[in-house]
Amino acid sequence: MSTPSTDLFQQENKNNLKDIPLAVRMRPETLDNFIGQQHILGKGRLLRRAIEADRISSLILYGPPGTGKTSLASAIANVTKAHYVAINATTSNVDELRKIIAAAKLKKSTTGRKSILFIDEIHRFNKAQQDVLLPDVEEGNPILIGATVHNPFFSLVSALLSRSIVCELKSLKENDIITILNSALKDTKKGLGNLKIKIDKKALVFLAKGCEGDARRALNALEVGALTTPKSKEGIINFDLEVAGESIQKKAVVYDKDEDAHYDTASAFIKSMRGSDPDAAIYWMAKMLYAGEDPRFIARRICILAAEDVGNADPLALVLANAALQISEFVGMPEARIPLAQACIYVSCAPKSNASYLAIEKAMGDIESNKTQEVPDHLKDTHYQGAEALGHGKGYKYAHDYEGHYVKQKYTRKALRYYEPANIGFEAKIKERLEKLRDQTKQAKPKGMT
């Protein structure tokens with residue numbers, strides 16, 4: 001079975017280079033050209049130091065598709081000048097492994113050159129196939145680089161893991177994808193730089209968002225869009241938002257974080273929840289999530305509404321909203337949409353009261369506009385020497401010493417009334433209790449007194 005090597009582009013006739021997918025052509029040849037994964041490849045990081053010092057041992061790379069696992073293996077081979085052999089575990093077998101290992105040993109003994117064996121989807125190898133690699137991997141000939149989208153601690157044998165450095169690659173950030181796409185648009189040798197492409201900034205951002213951190217998917221979409229879009233009379237390929245949507249097979253939703261669509265959609269979302277329309281609220285939330293909105297932004301809006309518009313009419317709404325915020329940060333998308341939907345629907349259907357919001361607004365306005373009150377003497381702190389001599393705490397009545405755990409006394413020098421509970425949901429019970437306390441004319445007796 002033939003295997004590709006680091007000399008791929010030298011072996012290919014330059015005229016046939018265009019037949020190789022853009023995502024393959026644009027693979028970085030050096031670590032400096034590698035975009036993203038700075039947590040393992042940044043200056044001074046252990047893996048980068050090991051690669052640059054040519055002290056790399058066997059390596060297991062795992063992470064989502066299109067994050068650079070194959071590209072990193074190829075770049076390592078280039079940097080270390082190692083012979084590079086790549087296979088896929090879905091089509092390989094023990095016989096092929098033995099032949100590759102034997103060839104690597106021969107090359108090392110005759111030329112002194114190391115070999116790197118890259119195994120894509122290594123989790124597909126069964127235990128017997130993985131065991132074949134162990135003796136030679138331990139000796140570093142060949143150097144194994146395995147790639148998998150699955151957690152290797154669940155899919156690979158412990159003996160192989162103990163002989164390997166395990167590195168997690170993360171989904172690429174939006175800015176990383178944009179950098180990769182711009183590089184492909186400018187590169188005249190391996191990219192699309194020889195084509196007159198006029199790409200809309202919104203289309204570029206849409207590809208970066210729509211690929212969901214997958215650089216291969218973004219580059220494939222860019223290539224298919226550029227090569228299938230008819231040129232203008234001037235020979236220009238106009239790559240707009242519509243072309244981007246068709247290329248990445250995802251509908252382009254008008255939703256720009258810096259323009260009106262973002263604020264209008266968020267406003268509709270909030271007002272739908274406030275208006276107790278769960279279907280409309282879910283629709284606007286789905287639009288925001290589809291367009292790539294940060295789920296934490298949505299969760300924060302639900303939390304604010306739960307406090308401002310539901311309030312004590314249903315105190316559980318804020319608890320549930322806060323739980324959705326924490327869960328969305330923990331699990332991320334796409335799973336975060338589920339707790340967000342639960343919180344959105346609960347808050348939408350909950351009884352509404354903005355009494356707490358109005359109370360703090362009135363109090364803040366009072367503080368800002370009027371002279372602030374001094375704390376009454378009987379409420380002042382008494383936990384220091386000399387407080388009693390100043391009369392602090394004198395006459396204070398401890399509520400729990402009285403029947404019903406309530407006693408009438410002044411808590412401000414001037415009477416205030418900010419909180420006006422609504423007669424709805426749990427707040428109706430709060431209102432009923434406050435009215436009884438406020439209307440109480442008979443002074444409560446201390447406990448134990450008759």
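Is cysteine 349 buried or exposed? Hold that thought for a moment, everyone, while I set the scene.

What we have here is a predicted model, so local features need pLDDT of at least 70 and side-chain atom pairs count only at pLDDT 80 or more, while totals for chains, interfaces and linings use all residues. Residues are numbered from 1 along each chain as its sequence is written, and side-chain values use heavy atoms, with hydrogens and water left out.

Back to the cysteine. Cysteine 349 counts as exposed, at 52% relative accessibility. By that I mean over 50% relative accessible area; buried is under 20%, and partly exposed is in between, using a 1.4 Å probe and protein chains only. Cysteine 344, by contrast, counts as buried at 0%.

How many disulfides does a search of the whole structure find? Zero. As a reminder, a disulfide is a covalent bond between the sulfur atoms of two cysteines, and the cut-off used here is a pair of cysteine sulfur atoms within 2.5 Å. For cysteine 344, the nearest cysteine sulfur is that of cysteine 349, 8.8 Å away.

Both names belong to the stretch covered by helix 18, residues 337-349. Helices here are DSSP runs of H or I with at least four residues, strands are runs of E with at least two, and both are numbered from the N terminus. The 13 residues of helix 18 should span 18 Å at 1.5 Å a residue, and its end C-alpha atoms are indeed 18 Å apart. That expected span is 1.5 Å times one less than the number of residues. Buried residues in helix 18 include Pro339, Leu340, Ala341, Cys344 and Val347.

Now, who touches Cys344? One residue that does is alanine 281, which also touches Phe269, Ser272, Met273 and Ser348, leaving out residues up to four places away in sequence. Contact means heavy atoms within 4.5 Å. Alanine 281 is found in helix 15, residues 278-290, and is buried at 0% relative accessibility. Its C-alpha atom is 55 Å from that of alanine 53, 228 residues apart along the chain.

Let's move to the sheet. Five strands form an open sheet in the order 2-3-4-1-5, with parallel pairing. Strand 2 (83-88) and strand 5 (165-168) stand at the edges with a single partner strand each, so one side of each has no neighbour in the sheet. Neighbouring strands are turned by 15° against each other on average, direction ignored; the axes behind that angle are lines fitted to C-alpha atoms, for helices over the stretch in contact, and angles run from 0 to 180 degrees between N-to-C directions.

What about strand 4? Strand 3 (residues 115-120) pairs with strand 4 (residues 143-148) in the parallel sense over five bridges, where two strands pair if DSSP finds at least two bridges between them. Phenylalanine 118 has isoleucine 145 of strand 4 as its bridge partner, and leucine 117 stands opposite leucine 144. Strand 1 (residues 59-62) runs parallel to strand 4 and is joined to it by four bridges; here leucine 61 is partnered with alanine 147.

Six of the six residues of strand 4 are buried, so this strand is largely enclosed by the rest of the structure. Both of its faces are covered, with Ile143, Ile145 and Ala147 buried on one side and Leu144, Gly146 and Thr148 on the other.

Next, helix 6. It has 18 residues, 94-111, and reaches 26 Å from its first C-alpha to its last, close to the 26 Å expected. Which residues of helix 6 are buried? They are Glu96, Leu97, Ile100, Ile101 and Ala104. These cover an arc of only 135° around the axis, which puts them on the same side of helix 6; the arc is that of the directions from the helix axis to the C-beta atoms. Strand 2, strand 3 and helix 7 (127-139) are among what covers them. The face turned away from that buried side carries the exposed residues Asp95, Arg98, Lys99, Leu106, Ser109 and Thr110.

One last stop: arginine 48, in helix 4 (residues 46-52). This arginine is buried, with a relative accessible area of 5%. Leaving aside neighbours within four places in sequence, arginine 48 is in contact with Leu31, Asp32, Ile40, Leu41, Gly42 and Lys43.

That's my tour, thanks for listening!
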